[in-house]
Amino acid sequence: MPRRRDYRLFLISQTISNVGSSFTAFGLPLLVFRLTGSAVNLALTTVAGFLPYILFGLVIGAWVDRVDRRRALVGAVVARGLTIAVLPVLGGLDVLTVWAVYAVAFVNTSLGIVSSAVESTAIPSLVSRDELADANGKLRAGYAAAQVTGPLLAGALIGGGLPVTGVFAIDAVSFWLAATLLLAIRTRFSGNPPRKERRSVTSDIGTGLRYVLADPVLRGIALHAALYNLIGSTVTSQLVLFAHQRLGADDAQVGLLFACGALGTAVALFTFSRLARQVSFTTATLGLMMCWSVLVLGLSVSTDIRLGAVFWACAAGLPSVYAVRTLTLRQTVVPDHLLGRVQTTGQVLAWSAQPIGAFIGAWLVSATGRIAVVYAGTAVLMAAVTGCFWLGPLGKADIRE
C-alpha cells in the first residue's frame, strides 16, 4: 500500500537524520566542556537549545497548520544540515568560539521545531488511527536504536583522534540524506486548509492555547511536563560533567553512557509499542516518571561508570515513553487542522521551563560542588511532584487510546 511505503520511507529518513543528530547531541556538550570546563556554560548550551521554543514555538505551530507540511519538513531538514556544517568549518579555520556553538544550537533547534511539529502531524496521515500508538512507538524506538551506535561511534572516533567538530560534519550529511528520502514520499501530510478558513497567526495561536488550557487532561500533561523539565533538566544538561567528575569517565566512556541511555530508550519504546493498549494512561505516564525518579536516585549514588550506565540505561527511556503516550493522545483527540498548533503549544508550555531548570541546576552544582547531591535532590523532588499529580485529576484519567 502507498501509505505503508511512505511510512517506511518516513521512518528511515527520520532514523538516518537521528543517527547524525545523536553525534551532535553527544558532541555539543563535550565541545562546550572542552572549550570552557564550566557547568554554567553547559547549562547555556541547554538554554540555547530550548529558548527557540519560547520565542518561536507557538508561531511555528500555527504556520505548520497553514502550509504544505511535507515541503516545510524537507526545507527544515536541508537547512539544519547547513547550520550544523558551520561548526566543522569554523573548527577547521580555528576560529570556533563557545558563542558560535550557542548560535548553531539556537538555529538548529528553531528549525527542529518545524521538523518536530510536522512529524507529529504527519503520522496520522501515514497510518490508520488504530496504528497510531504503534507507529509513534516504532518511530521513537527507531530514533533511540540509532542513537545507540551514534555516541559509541562518535566517542570512538574522537578517542581515535577525530576532532570533536568532525562529528558535526557527519550530522550535516545525515540531514541531506534524510531530505532525499522525504522527497520520495507521495502522501500529503494534511494541513494547508482552504484560504477562506484562515485567520491571523495571532488568532490561530490563541485557538491552540485555548484548546490546551480548556482541556483538563491536556492542561495537566503540559503542567506536569513543564515541572519535569524544570526539575529534571539538570540530569541531562550536566550528564557529561557528572560522568567525568562522579563516575571518573573518559570521553569514550561518556559515549558509552550516552549509548546505554539510547539503548534503554529503544528497549522501553519497543516494549511500550506492544503494550500500548494494555497499559492505562496513568501507569504509562505518571507511574513511569515515578520509576524515573527512583532510577536517577540510584544514579546519584553511583561512583562506577558501569553501575552508572545501568541506572542511566533504565532511566533514560522513561520520559520518551511518556512523550509517546501523550503525543498519541493528542493525535487521537485533536482535529487535524489544529494538531500542529496544539502540539507546539503543549511543547512550549512544557519545554519553556527547561532553560530555567538548567540554570538553577548549574548554579546549584557550582555553588555546592556536589553534583551527586543535586542529582539526588532532583530525583526526590520529581517523585514528590509526580505523586501530587497522581492524586489529582490527571491521575484519574484512565485513558486507553
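These legends go with several close-up views of a predicted model. Local features need pLDDT of at least 70 and side-chain atom pairs count only at pLDDT 80 or more, while totals for chains, interfaces and linings use all residues. Residues are numbered from 1 along each chain as its sequence is written, and side-chain values use heavy atoms, with hydrogens and water left out.

**View 1. The whole chain is built from 16 helices and zero strands.** Helices (H or I, at least four residues) and strands (E, at least two) are DSSP runs, numbered from the N terminus. The C-alpha atoms fit in a box of roughly 60 × 50 × 40 Å along the principal axes. For 401 residues, a compact globule would have a radius of gyration near 21 Å, and the chain's 20 Å agrees with that; the value is taken over C-alpha atoms, and the globule rule is 2.2 Å times the number of residues to the power 0.38. Buried residues account for 58% of the 401, where buried means under 20% relative accessible area, exposed over 50%, and partly exposed in between (1.4 Å probe, protein chains only). Counting contacts (heavy atoms within 4.5 Å) between residues at least 6 apart in sequence, 88% join residues at least 24 apart. About 16000 Å² of surface is accessible, and 67% of that belongs to carbon and sulfur atoms; areas come from the Shrake-Rupley method with a 1.4 Å probe, and for residues only the protein chains shown count as cover.

**View 2. Here is the largest nonpolar core, with Ile123 as a way in.** Such a core is a set of buried Ala, Val, Leu, Ile, Met, Phe, Trp, Tyr and Cys residues joined through side-chain atoms within 4.5 Å. Of its 97 residues, Phe10, Ile123, Phe168, Phe189, Leu257, Trp292 and Trp312 touch the most other members. H4 gives this core its largest share, 13 residues. Leaving out residues up to four places away in sequence, Ile123 touches Tyr7, Phe10, Leu132, Ala135, Asn136, Leu139 and Gln331.

**View 3. Trp312 sits in helix H12, residues 305-316.** With 8% relative accessibility, Trp312 counts as buried. Beyond four places in sequence, its contacts are Val235, Thr236, Leu239, Leu257, Gly261 and Leu299. Trp312 and Leu239 are 73 residues apart along the chain, yet their C-alpha atoms are separated by 9.9 Å.

**View 4. Asn41, in helix H2 (residues 39-64), pairs up with a tyrosine.** The side chains of Asn41 and Tyr102 share a polar contact of 2.8 Å. That term covers a pair of N or O atoms within 3.5 Å; within protein, one must be able to donate a hydrogen and the other to accept it, and residues adjacent in sequence count only if both atoms are side-chain atoms. Asn41 is buried at 17% relative accessible area. Setting aside residues up to four places away, Asn41 touches Val32, Thr36, Val98 and Tyr102.

**View 5. Ser116 belongs to helix H4, residues 98-126.** Ser116 is partly exposed, at 21% relative accessible area. Its C-alpha atom is separated by 9.7 Å from that of Gly61, 55 residues apart along the chain.

**View 6. Helix H14 covers residues 336-351.** Its 16 residues reach 23 Å from first C-alpha to last, close to the expected 22 Å (1.5 Å times one less than the number of residues). Because 12 of the 16 residues are buried, H14 is largely enclosed by the rest of the structure. Among them are Leu338, Arg341, Gln343 and Ala350.
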